[in-house]
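Me: I am new to this structure. Please take a close look at one part of it, the disulfide and what surrounds it, and then lead me outward from there.

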Amino acid sequence: MRRILLFAALAVSAFPVFAAAQSYAEAKALADRDEASVSKTQSDALLESQGAAIDRIAPACARAMGPAGMPPFVVVVELDAAGKVVATWREGDSDFAVCFEKRLRVLSLFAPPHAPFYTSFEMSMSPPD
């Protein structure tokens, strides 16, 4: 009986981890929902924090950009209550996209109005003329 209870306790405690494991499409839908739900002030703070993250990451990943530029990609992030990135999903496999996602995983953005909070970085860049 004790083993059954221990197994049940472990299964229940692991459930939130499994519940958070979503597909890219599900995470993107949650990001679209959450981004649309914030006030103008919160949206401005979110965009400012995303801009700062891009400014920090782009130079660090510049070597991964090919001569033809960078194919478009999207990285969705899940934020905790403090704004720390706790999970990411990516659509796009360029070296730059992989580098961007990797560096984004260790950042904090704005403190969202609720947690979890999902937002996305939709990136499309080409080299200067």
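Reply: Here is a walk that starts at the disulfide and moves out to the cores and a few single residues.

The model is a predicted one. First, the setting. The chain has four helices and three strands. Along the sequence they follow the pattern α-α-α-β-β-α-β. Of the 129 residues, 34% are buried.

Now the disulfide. The count comes to one. Its partners are Cys61 and Cys99, with sulfur atoms 2.0 Å apart. A disulfide is a covalent bond between the sulfur atoms of two cysteines. Cys61 sits in helix 3, residues 40-61, and Cys99 in helix 4, residues 95-104, so the pair ties together parts that are 38 residues apart in sequence. The link of Cys61 and Cys99 is left-handed, with -80° about the S-S bond. Both cysteines are buried.

Helix 3 and helix 4 also meet in another feature. They are among the elements that give two or more residues to the largest nonpolar core; strand 1 (70-79) and strand 3 (117-125) are the others. This core holds 23 residues. The members that touch the most other members are Phe73, Val77, Leu79, Phe96, Phe100, Leu104 and Phe121. In soluble globular proteins, nonpolar side chains tend to be buried together.

Take Phe73 as one example. Residues up to four places away in sequence are not counted here. Phe73 touches Phe96, Ala97 and Phe100, and also Phe121, Glu122 and Met123. Glu91 and Gly92 complete its list.

There is a second, separate core too. It has seven residues, including Ala27, Leu30, Ala31 and Tyr118.

Step next to the loop between helix 3 and strand 1. Met65 is found there. Met65 is partly exposed, with a relative accessible area of 25%. Beyond its neighbours within four places in sequence, Met65 is in contact with Met70 and Phe96. Met65 and Ala97 are 32 residues apart along the chain, and their C-alpha atoms are separated by 9.0 Å.

Strand 2, residues 85-91, holds Val85. Val85 is buried, because its relative accessible area is 3%, and buried means under 20%. Neighbours within four places aside, Val85 is in contact with Val77, Glu78 and Leu79. Val85 is also in contact with Leu104, Arg105 and Leu107. Val85 and Val106 lie 21 residues apart in sequence, yet 6.6 Å apart in space, C-alpha to C-alpha.

Glu78, one of the contacts of Val85, belongs to strand 1. Glu78 is buried yet has no salt bridge. Which side chain of opposite charge is nearest to Glu78? That is Arg33, 9.8 Å away. Leaving aside neighbours within four places in sequence, the contacts of Glu78 include Lys84, Val86, Ala87 and Trp89. Pro116, Phe117 and Tyr118 are also in contact with Glu78.

Pro116 has a feature of its own. A cis peptide bond joins Ala115 and Pro116, with omega about 0°. Pro116 lies in the loop between helix 4 and strand 3.

Last, the chain as a whole. Take contacts between residues at least 6 apart in sequence: 74% of them join residues at least 24 apart. The accessible surface comes to about 8,000 Å², and 61% of this belongs to carbon and sulfur atoms.

Definitions and conventions. Residues are numbered from 1 along each chain as its sequence is written. This is a predicted model: local features need pLDDT of at least 70, side-chain atom pairs count only at pLDDT 80 or more; totals for chains, interfaces and linings use all residues. Side-chain values use heavy atoms; hydrogens and water are left out. A disulfide is a pair of cysteine sulfur atoms within 2.5 Å. Buried means under 20% relative accessible area, exposed over 50%, partly exposed in between (1.4 Å probe, protein chains only). A nonpolar core is a set of buried Ala, Val, Leu, Ile, Met, Phe, Trp, Tyr and Cys residues joined through side-chain atoms within 4.5 Å. Contact means heavy atoms within 4.5 Å. Lys and Arg count as positive and Asp and Glu as negative; His and the chain ends are not counted. A salt bridge is a side-chain nitrogen of Lys or Arg within 4 Å of a carboxyl oxygen of Asp or Glu. Accessible areas come from the Shrake-Rupley method with a 1.4 Å probe; for residues, only the protein chains shown count as cover.
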